[in-house]
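Dear colleague,

Please find below the structure that I am handing over to you. My notes on what was found in it follow directly after.

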Amino acid sequence: SFRHLLPPPSLRAQEEAGAESVTFAWHGVPYYASQVLLLSPNRVDNLVDEVALDVTALSQVKQRIIRSQIISLILVGLTGILIAILLARHISRSLSKLAQAANQFSAGDLQSPVVVGEGVREVTQVAQALEQARQDLRHMIVALQHEKAWGEHLLQAIVEGIATIDAQGNITFWSQGAERITGWQREQVLQRNCDQIFPNYLTQPQFSQPPFSTIVATTGKHQHFTLLLADGNQATLEVVSAPLEWAGAAGNGSPAEAYRVVMFRDISEEVAVQRILGHFMANMTHEFRTPLSAVAAAIELLLDQTPELSAEELQELLLSLHLGVLSLQTLVDNLLESASLESGVFEAFPRPYDLAELVEEAAKTMHPLLAKYGQRLRIDLPPAIPLVHADPARTIQVLVNLIANSGKYGPPESEVAIGATVVNGQICITVADRGAGVPVHQRQKIFSRFVHFDSDSDVTTGENALRTQSKQQAVSRFGTGLGLWIVKSIVEAQGGAVGVDARPGGGSIFWFTLQIVEER
């Protein structure tokens, strides 16, 4: 019996028709014991029935269940940790992609889209917002680039020079127009003082001018400034400036820095034209006065002394009248042609014509003038000369101007020769003299308007200080300076070319070409 193993009765609660169960171990074996109280009818002879059951299998099952629960809890915990790790890695990869996209933004790469992928809703929302910001920023930058390119093209198209100068007088901006006008490149002038780039060239007292920094300090007033360009030539600029306050360089919260915007343009040719026109008008007065005075004197002698004059004296007075009228006619013709060229209505009407007739007419016109100075006119044309395309009146004017020019600069008792040769389907007409000749560097300039070369001194006559950007110009002291310019304009209007070469033995050969009429 194992009653001694059971708890004492005083420790066991008893109930009517009830029972109590306990567990205990005996020799290492677990038991489940239960006591049942059997009540007698008289409630005196009560019995207690006690039963013990081996519960080893149940205990093992319980232990397995406990172990299973512990293992399950461990597995659930490990699974949760693994899921958390995977989710954290997924979120970390998404955040890394967001960080990479942000770094690309910082590096200026707005072409690559922000791709994170689906997964974490919050990260996806951030990625979508970042992608939208990328697209908006890219569109904004493209618009700004277009505006910048438009501004740069606009500045390139402006022929005037534009520069900005800070409060210390240093140049901070230099446009392409400024480069074209001055010859100074942007990298050569930036952060240099404006008085170094625009030196006070006119140092003579009669041409004194204030420094450039003083000129640009005056707002809204157009002023002229003369300086030396990068290539050493002299130029006159019209300068105007305006204040500009810009806080961009100083930064936020800092006071705006004072700048000045300077615009300038080259007016050298305008000033030159004004001076040339003054000399031109003075020469025109002289050119008209001389033949008119000769004509007036000859007419006065004819009116007062005609009965007393001999045949030779009468012939001389009539010749003087003829030369005066011829000079005035040539002058008026040149002025009319110049006016038509300036107004853009000049036209030539070439047609087939005999070159010999044109030369003969021009020689007849110029013979009295050459004879006055003892000069001779020799005509040497090929025997079988083809017809040429020429405007007769204007081609005769070309020959008259060239013959007059050769007679003017040729010495007395010399010869002026007219010739013609067929070259490459054209006829080249030459007018040669025995003057001092024209140097090579002046041969193109003398066909320009108002330009004359004084071969005796090897310098241009007129106002020597008168210059433009690329060449020195001056007014002829002998004429209007229009003859050779009109010659060039008429010849080119007929499809020809004009030039001058040195003549062997001394002198010049002026030539021009005309188209030959093709035989059918």
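**Findings**

E413 counts as exposed, because its relative accessibility is 54%. Please bear in mind from the start that this is a predicted model. The position of E413 is the loop between α10 (392-409) and β12 (415-423). Its backbone deserves a remark: E413 has a positive phi of about 60°, although it is not a glycine. Most residues other than glycine have a negative phi.

N424 also has a positive phi without being a glycine, with a value near 50°. This residue sits in the loop between β12 and β13 (426-432). N424 counts as exposed, because its relative accessibility is 78%.

**The chain as a whole**

The chain is made up of 520 residues, of which 34% are buried. Its secondary structure comprises 11 helices and 17 strands. About 30800 Å² of the chain is exposed, and carbon and sulfur atoms supply 57% of that area. Turning to contacts between residues at least 6 apart in sequence, 57% join residues at least 24 apart.

**Helix α10**

The helix that precedes the loop of E413 is α10 (392-409). How many of the 18 residues of α10 are buried? The number is 14, so α10 is largely enclosed by the rest of the structure. The length of α10 can also be checked. At 1.5 Å a residue, its 18 residues should span 26 Å, and the C-alpha atoms at its ends are 26 Å apart, so the two values agree. The expected span is 1.5 Å times one less than the number of residues.

**Salt bridges**

Six salt bridges are present in the structure. Among them is the one between E238 and R265, whose closest N and O atoms are 2.9 Å apart. E238 lies in strand β7 (residues 234-246) and R265 in strand β8 (residues 257-266), so this pair ties together parts that are 27 residues apart in sequence. E238 is buried, because its relative accessible area is 18% and the cut-off for buried is under 20%. R265, in contrast, is partly exposed, with a relative accessible area of 29%.

R265 has a further partner: its side chain meets that of E270 in a salt bridge, at 2.8 Å from N to O. E270 is partly exposed, with a relative accessible area of 39%. E238, R265 and E270 are thus linked in a network of salt bridges.

Another of the salt bridges joins K488 and E492, with the closest N and O atoms 2.8 Å apart. Where do these two residues lie relative to each other in helix α11 (residues 483-493)? They are four residues apart in this helix, so about one helical turn separates K488 from E492. K488 counts as partly exposed at 27% relative accessibility, and E492 is partly exposed as well, with a relative accessible area of 41%.

**Aromatic pairs**

A search of the whole structure finds six aromatic pairs. In one of them, the rings of W174 and F264 have their centres 6.0 Å apart and their planes at 40°, so the pair is tilted. W174 is in strand β5 (residues 171-174) and F264 is in strand β8; the two are 90 residues apart, and their pair links distant parts of the chain. Both W174 and F264 are buried.

A second example has another geometry. The ring centres of F447 and F510 are 6.3 Å apart and the ring planes are at 70°, so this pair is edge-to-face. F447 belongs to the loop between β13 and β14 (453-454), while F510 belongs to strand β17 (residues 508-516), so the pair ties together parts that are 63 residues apart in sequence. Both F447 and F510 are buried.

W174 and F264 also belong to a wider group: together with F198, F212 and F225, they form one aromatic cluster.

**Where to look in the model**

As you open the model, strand β8 may serve as a starting point. R265 of the salt bridge with E238 lies in this strand, and F264 of the aromatic pair with W174 lies in β8 too. The loop that holds E413 and the loop that holds N424 could then be viewed together, since β12 is named in the description of each.

With kind regards

Conventions:
Residues are numbered from 1 along each chain as its sequence is written. This is a predicted model: local features need pLDDT of at least 70, side-chain atom pairs count only at pLDDT 80 or more; totals for chains, interfaces and linings use all residues. Side-chain values use heavy atoms; hydrogens and water are left out. Buried means under 20% relative accessible area, exposed over 50%, partly exposed in between (1.4 Å probe, protein chains only). A salt bridge is a side-chain nitrogen of Lys or Arg within 4 Å of a carboxyl oxygen of Asp or Glu. Contact means heavy atoms within 4.5 Å. Accessible areas come from the Shrake-Rupley method with a 1.4 Å probe; for residues, only the protein chains shown count as cover. Rings of Phe, Tyr and Trp (its six-membered ring) pair if their centres lie within 6.5 Å; planes under 30 degrees apart count as stacked, over 60 as edge-to-face and the rest as tilted.
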